[in-house]
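Here is a friendly tour of a multi-chain model, meant to be read with the coordinates open beside it. Take your time and turn the view as you go.

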Amino acid sequence: MASTSRTFRSDAIAQPERRGRVLIAKVGLDGHDVGARLVARALLDAGMEVIYTGLRRTPEQIVRAAIEEDVDVIGVSILSGSHLAHLSKVRRLLEEQGASDIRLIAGGVIPQEDIPALRELGVSRVFVAGTPLSEIAEYVAGIVRAPAPTQPG
Amino acid sequence: MAPFDLRRIARAISAVENGGPDAEQVIRDAYRLARHVPVVGITGPPGVGKSTLLDGLAVHWAERGQTVAVLAIDPSSPHTGGAVLGDRIRMDRAASHPNVFVRSLASRGEMGGLASAAHDVVMVLGALGFDRIVLETVGAGQADVSVASLADVVILVAMPGMGDQVQAAKAGILEIADLYVVNKSDRADALSTIAHVRANVDLIYPGLPGRNVPHRAKATEHANPGLRRRHGSAADAEGYWRPPVLSTCALQGSGVSEVAAAADDFLAWLRETGRYRDRLHDRVRSQILGATRDRLLELCVSAAKARDFNFDELIAAVADGTLGACEASERLIAQLVPSR
Amino acid sequence: MSHEKQLETEDRPCTLRAPPLERREQFVNDAGNVVERLYGPAGLEADDFEYASHLGNPGEFPYTRGIDASMYRRELPIVSAYAGFGTPEHSNRRYRELIALGVQSLSVALDLPTQLGFDPDDVMAAGEVGRMGVSISTLRDLEILFEGIPLDTLNAAGSTANAIGPIVLAMFVALGEKQGLDRTRYTVALQNDVLKEYVARGTQIFPAEPAMRFAVDALEWCVEHAAHWIPITVCSNHIDVAGAGSTAATAFTLANAKCYIDEALRRGLTVDDVAPLMRLFLNEREDFFLAVANYRVTRRIWAHVMRDHYGARDPRSHAIRIMGYAHGPRETAQEPLNNIVRITMGALTCFLGGLQDMRCASYDEAMNLPSDEAVKVAIRTQQIIAHEFGITSTVDPLGGAYYLEALCNGMEHDIASIMQRVDDMGGALGAVEHRYIQRTISEGASRRQRAYERKERVSVGMNIFPSEGDARPQTFRTDPGIERQQIGRVQQLRRERDGARVRETISAVRACARAGRNVMPALIEAVKAYATVGELCAVLREIYGEYEPDVSF
């Protein structure tokens, strides 16, 4: 019963068909969350619901949260260099728990030469430091508009 | 691993939130099943520690074998419609417990602290088999009444050093809470805050904290019918409830089991005195009225659009003073019901 | 007031013709202040500038021009390195190379598990051991790390350990003994500034208040046992970089310093006991002149706070030592060699600002740990500025420059008002709780991001003059066997050490912490018995509690 009269009541921001939900997570032990928070803000400004999980999350916690929150995208911020290990674990857990349709993107301190390996293991996009926030927001909005086909079960 | 299918539950909630034909079927089935489970609502101003307390409570019940669904509700941006939902951060223990399911909901335009789909989500969660639902609402400190329309037990959380925020017993707060918790009891001024809250409760309730048998000595009725309906009064045969004021240090875990016990006691009292049914009816009443209100507005708007009604002109007229706001409203309604 | 305005307001025809169209409508610095076209004596007059009170000679109150009379004519800024990675053996080799290149002071970079109180075999440490720094879980690791590097051959040895600062201090005390050195023969310099972690760096373990008291345990112990050591370096760097900007960051840093001092006073120490042991780590990397102004004006403000607010009488309390870090506005992965220029500019500000100790970043530092070549360039950069071009022939060469002094005066005013607001909130801890610092940081970060996207804030090679496909230096890779090796080592050590002694000393730590006594003596005994960082932090978490994360946006 999500009421469409909201359109009329509020100042008519075009209500999207589906409201995008994104999990922004920091995996590993590094404590710099300025970038993650800026991205979360940008997605909020673009009309999305952002679940921010805070620092020092394990891959298990991230995947469980992503499933419970039924997100379209998981955005992981890593600055400690442990991206390959942690992201492959997240991807693996998503597969195992029947959530392979949830997209995975990453940002932070990730060397250019690791990007092919990350794409290979199932990271849809890697955003290097300095990418304009609008670019990230547009990419995520694109995923929300055309989600991947759902997995059975 | 959780004893329930996380994906299925999550998907069901999303469907209810987003609406659509699938959702309607799910919701209809849930209402038909009518499996009403206890709903514990936690409200209060930002920063008092609601999420931490909720974490402790959810784990308390989960450890005793209950399956608990947690709903953490935060406001949507009125400008963009988006939201940042960060309450999970403080619910580490609950979020990792196999018996607990945690979901963040954005209010999506709903005022008063709840999410627009909250009533339906609660029904669906009951239908899916949870033993208990705990929800945390926005709680702006003033009348957060809508949580009272959905929760069976309303816990209002305060903390020391808030000064007059607790004093905001203007209308709302003291009418809806069944249990008061002063969190961060390790603070220096905790004792005086607890005393302050108790004094406020004293102004309204006679008797002892918790269950009270009927008595003559102060057989006053609550001047406020809403309060009387919720908690009874000294003249009632089944007795009445006086909200206890408890203290916790949620971060350290102290006092949490006492809060859980008090909440469970209130739920038991509701059932024993037959007031649970009243609660349920009140909840359904407000839900029906709310849905009707929304639906009527929706119908008005679509009728107006179908007749090419010029809303901007109407707005301009009221702004210029050529038309009163009430008249404008009647004109809009007339689109739906032309005979008026 | 700018010189030009002054000319206009006086009754004299303005001889400066309207200037040609400028590149921007307004020139604004990172502090958000408008930069005038020209600065002159009228501006200083408007500030009631007076040499003796605003500047003073170097070595004289308020020390704006330098903490001593001769400065670099006597001693050049110490060449410092913050280094460490992988196993202690790896890092030991690196340290020797650095010393051979001319490094005088070593600050051990610890990996994240160590900084957060996890042993290498803790589940939380998986994938992180030896990445961002060297893995140190026991005294044994530190002994290996400094094998063949006697502590008294260094200007100072230390670490950026923050939440675990006192534990690392205890390890260095024990290490000195192992090396057969009297404490007076060497110097330990720690960061141990846990307050900034809560807002800007994120490696906190315990809640803020007990963590702050824990940090002051180290300060208190040094007052009595090693008064020439530097147990706390209060930092603005991280707060600035996170988004606050250097003016606000300096204000918060000074507030943090006051918090530590107030705690020490509560314990019965005097300000003259503790202030001489403290040091500041300042940073400004967006603007050259703001940086120089920042360093100089901070000395002035510190001097006044110590003398006028705390009543300090010892000149060593008034004259604060400052260390710096030259890393340029934003090390970038594109065209990394450009960073050498940025780092050079940053290094120059440290010299012109009169700092005592500094390090230069390596140009490839944006992409994890630096390469050998980049490290060498960094050291050479500092050495070239020190020895060539005559920069260090005189003291405070920019002193009296109209622009610089105007900036100093403006900054002083802004810093004072922010410090007042922090005081009104109950000091540093209150400001963290009210989220004042966090909000300042996140608003600043958003502003910088927007300015960057609008090209008001530029990075050559990134958002202006972008280039494609630059030859990238080889990214430094850590060996995955490092984690296995460190896990094996700590587990073996646990088997070999005297378990009973460890339990005894850990119980003593617990008892001390519970009783609210200074835990340093107990920590020293525990690390000598080879208790691990993880074991010690587990005990402290029991007593101090665990940090509760921040949800607000």
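The report below covers confidence, two sheets, one interface and a few backbone details.

**Confidence**

This is a predicted model, and its overall scores are ipTM 0.85 and pTM 0.83. For chain C, the mean pLDDT is 91, and 92% of its residues reach at least 70. Within chain C, the element with the highest mean pLDDT is helix H7 (residues 165-178), at 98, while helix H1 (residues 3-9) has the lowest, at 55. Residues 11-15 of chain C have a pLDDT below 50, and this stretch makes two contacts in the model beyond near neighbours in sequence. Where pLDDT is low, the predicted coordinates should not be read in detail.

**The sheet of chain C**

Let us turn to the strands of chain C. They include an open sheet of eight strands, paired in parallel and ordered S4-S3-S2-S1-S8-S7-S6-S5. Strand S4 (188-190) and strand S5 (232-235) of chain C each have a single partner strand, so one side of each is left without a neighbour in the sheet. On average, neighbouring strands here are turned by 25° against each other, direction ignored.

Beginning at the S5 edge, S5(C) pairs with strand S6 (residues 278-282) of chain C in the parallel sense, over four bridges. One place to look is C:Cys235, whose bridge partner in S6(C) is C:Phe281. Helix H10 (residues 237-244) of chain C packs on this sheet, where it touches S5, S6 and strand S7 (321-326) of chain C. The direction of helix H10 of chain C makes about 20° with that of S5(C).

Moving inward along the strand order, S6(C) and S7(C) are also parallel partners, again with four bridges. Here C:Arg279 stands opposite C:Arg321 in S7(C). On to the next pair: S7(C) is joined by four bridges to strand S8 (residues 357-360) of chain C, and the two run parallel. In that pair, C:Ala326 has C:Cys360 in S8(C) as its bridge partner.

Why can S7(C) be called largely enclosed by the rest of the structure? Five of its six residues are buried, so the strand S7(C) is largely enclosed.

**The sheet of chain B**

Chain B has an open sheet too, this one of seven strands with parallel pairing, in the order S4-S2-S5-S1-S6-S7-S10. Its edge strands are strand S4 (100-106) and strand S10 (245-247) of chain B, each of which pairs on one side only. From one strand to the next, the twist averages 20°.

Helix H3 (residues 50-63) of chain B packs on this sheet, and the strands it touches are strand S1 (39-43), strand S2 (68-74), S4, strand S5 (132-136), S6 and S7 of chain B. The direction of helix H3 of chain B makes about 175° with that of S5(B). Within the sheet, strand S6 (residues 153-158) and strand S7 (residues 179-182) of chain B pair in the parallel sense over four bridges. B:Ala158 stands opposite B:Val182 in S7(B).

**Where chains C and A meet**

The size of an interface is often given as the accessible area lost when the parts come together. Chain C and chain A bury about 2500 Å² between them, with 56% of that on carbon and sulfur atoms. The contact draws on 30 residues from chain C and 31 residues from chain A. How many salt bridges are counted between chain C and chain A? The count is zero.

**Backbone details**

Some loop positions deserve a closer look. The table sets out two non-glycine residues with positive phi.

| Residue | Phi | Loop |
|---|---|---|
| A:Asp70 | about 50° | between helix H3 (59-68) and strand S3 (73-78) of chain A |
| C:Phe389 | about 70° | between helix H16 (372-387) and helix H17 (402-424) of chain C |

Are these residues buried or exposed? A:Asp70 has a relative accessible area of 9%, under the 20% cut-off, so A:Asp70 is buried. C:Phe389 is at 73% relative accessibility, over the 50% cut-off, and therefore counts as exposed.

Another loop feature is the cis peptide bond from C:Phe61 to C:Pro62, with omega near 0°. C:Pro62 lies in the loop between helix H3 (51-55) and strand S1 (78-83) of chain C.

Conventions
Residues are numbered from 1 along each chain as its sequence is written. Chains are lettered from A and ligands numbered from 1 in the order in which they are written. This is a predicted model: local features need pLDDT of at least 70, side-chain atom pairs count only at pLDDT 80 or more; totals for chains, interfaces and linings use all residues. Side-chain values use heavy atoms; hydrogens and water are left out. Buried means under 20% relative accessible area, exposed over 50%, partly exposed in between (1.4 Å probe, protein chains only). pLDDT is the predictor's confidence in each residue, from 0 to 100. Contact means heavy atoms within 4.5 Å. Two strands pair if DSSP finds at least two bridges between them. Axes are lines fitted to C-alpha atoms, for helices over the stretch in contact, and angles run from 0 to 180 degrees between N-to-C directions. Buried area is the accessible area (1.4 Å probe) that two parts lose on being put together, summed over both. A salt bridge is a side-chain nitrogen of Lys or Arg within 4 Å of a carboxyl oxygen of Asp or Glu.
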